[in-house]
Amino acid sequence: SEEDLLVYGTKECFDNSTVPLADIVSESLAVLLNHTLLESDNTFAEEILRRQSIRGGYTDAITNVTETLCLLGLNTSGFSIVDGSGLSRHDLIKPQFLAALFTIAGQDFVDLLPLAGRTGTLATRFVGTPAEGKLRAKTGTESGVNALSGRVNDVAFSILTNNCPQPSSVVRTGIDDIAI
C-alpha cells in the first residue's frame with residue numbers, strides 16, 4: 001500500500017490502561033522498496049517481508065508471498081525462501097523464475113531498481129557501455145555467489161552463479177559482459 005502506516009507502542013499502566021509511547025509514521029512501501037533495491041539493504045528487505053504477514057512471523061509472510069506469486073502466474077516449483085534478504089543458504093530461486101518475475105513486473109517496480117552506471121549498486125558498473133542508463137537490475141553477492149537479475153527495455157534476464165571457482169571480480173566481469 002502507498003499509504004503511511006501509523007504504529008503505536010504502548011505501555012501498560014498500573015490501572016491496566018495503555019498510553020502511547022511514541023508515534024512512528026512509516027514511509028510508503030514504494031519508498032521503502034526503492035531504498036531496499038537501490039542500496040541492497042538486507043535489513044529493510046527483512047522488514048518488508050515481515051510486513052506481508054498479519055501476525056508478523058516469517059512463516060505466514062512467506063506463505064502470503066508464495067501465494068501471491070502463484071496468483072500472478074509464476075511457477076514456484078523449486079522455489080523456497082526462508083528470509084527476506086536472500087542471504088540464507090536455504091533460499092532457492094531459479095534464474096528462470098527471476099526472469100519470469102521481471103517479465104511480468106510493472107514499469108513502476110522496474111523503475112525502483114538501480115540503473116546501470118547511474119544509481120545504487122549499479123552506479124559504478126556498466127559506465128561507458130551500451131547498458132549504461134538502460135539496464136535496471138538487482139545485484140546479489142555472497143561468498144561464492146554472484147547474481148544480476150532485471151530488465152533492459154522489454155528484455156528480462158537473470159544470471160546466477162554459485163560455487164564458481166573463479167575470483168568474484170572475474171565472475172562479476174563475466175556477468176557484466178553477458179548483460180551488456
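**Exercise 1. Find the handedness of the crossing of helix 1 and helix 2, then describe their contact.**

*Solution.* Start with the crossing: helix 1 and helix 2 cross in a left-handed way. Keep in mind as you look that this is a predicted model. Next, take the geometry. Helix 1 covers residues 29-39 and helix 2 covers residues 42-50; they pack at an angle of about 145°, and their axes are 9 Å apart. Now list who touches whom: helix 1 brings Leu29, Leu32, Leu33, His35 and Thr36, while helix 2 brings Phe44, Ala45 and Ile48. Finally, sort these residues by class: six are nonpolar, two are polar and none is charged.

**Exercise 2. Decide whether Asn146 is buried or exposed, and look at its surroundings.**

*Solution.* First locate Asn146: you will find this residue in strand 4, residues 145-152. Its relative accessible area is 7%. Buried means under 20%, so Asn146 is buried. Then check the side chain, which makes a polar contact of 3.3 Å with the side chain of Ser168. Beyond its neighbours within four places in sequence, Asn146 also touches several residues, including Gly140, Ile159, Leu160 and Val171.

**Exercise 3. Work out where Ser40 lies and what is notable about its phi.**

*Solution.* Ser40 sits in the loop between helix 1 and helix 2. Its phi is near 55°, which is positive even though the residue is not glycine. With 24% relative accessibility, Ser40 is partly exposed.

**Exercise 4. Do the same for Asn153.**

*Solution.* Look in the loop between strand 4 and strand 5 (155-162) to find Asn153. Asn153 is not a glycine, yet its phi is positive, at about 55°. The relative accessible area of Asn153 is 58%, so this residue is exposed.

Notes:
Residues are numbered from 1 along each chain as its sequence is written. This is a predicted model: local features need pLDDT of at least 70, side-chain atom pairs count only at pLDDT 80 or more; totals for chains, interfaces and linings use all residues. Side-chain values use heavy atoms; hydrogens and water are left out. Axes are lines fitted to C-alpha atoms, for helices over the stretch in contact, and angles run from 0 to 180 degrees between N-to-C directions. Helices (H or I, at least four residues) and strands (E, at least two) are DSSP runs, numbered from the N terminus. A crossing is left-handed if the near helix is turned anticlockwise from the far one by less than a right angle, and right-handed if clockwise. Contact means heavy atoms within 4.5 Å. Ala, Val, Leu, Ile, Met, Phe, Trp, Tyr, Cys and Pro count as nonpolar, Asp, Glu, Lys and Arg as charged, and the others, Gly among them, as polar. Buried means under 20% relative accessible area, exposed over 50%, partly exposed in between (1.4 Å probe, protein chains only). A polar contact is a pair of N or O atoms within 3.5 Å; within protein, one must be able to donate a hydrogen and the other to accept it, and residues adjacent in sequence count only if both atoms are side-chain atoms.
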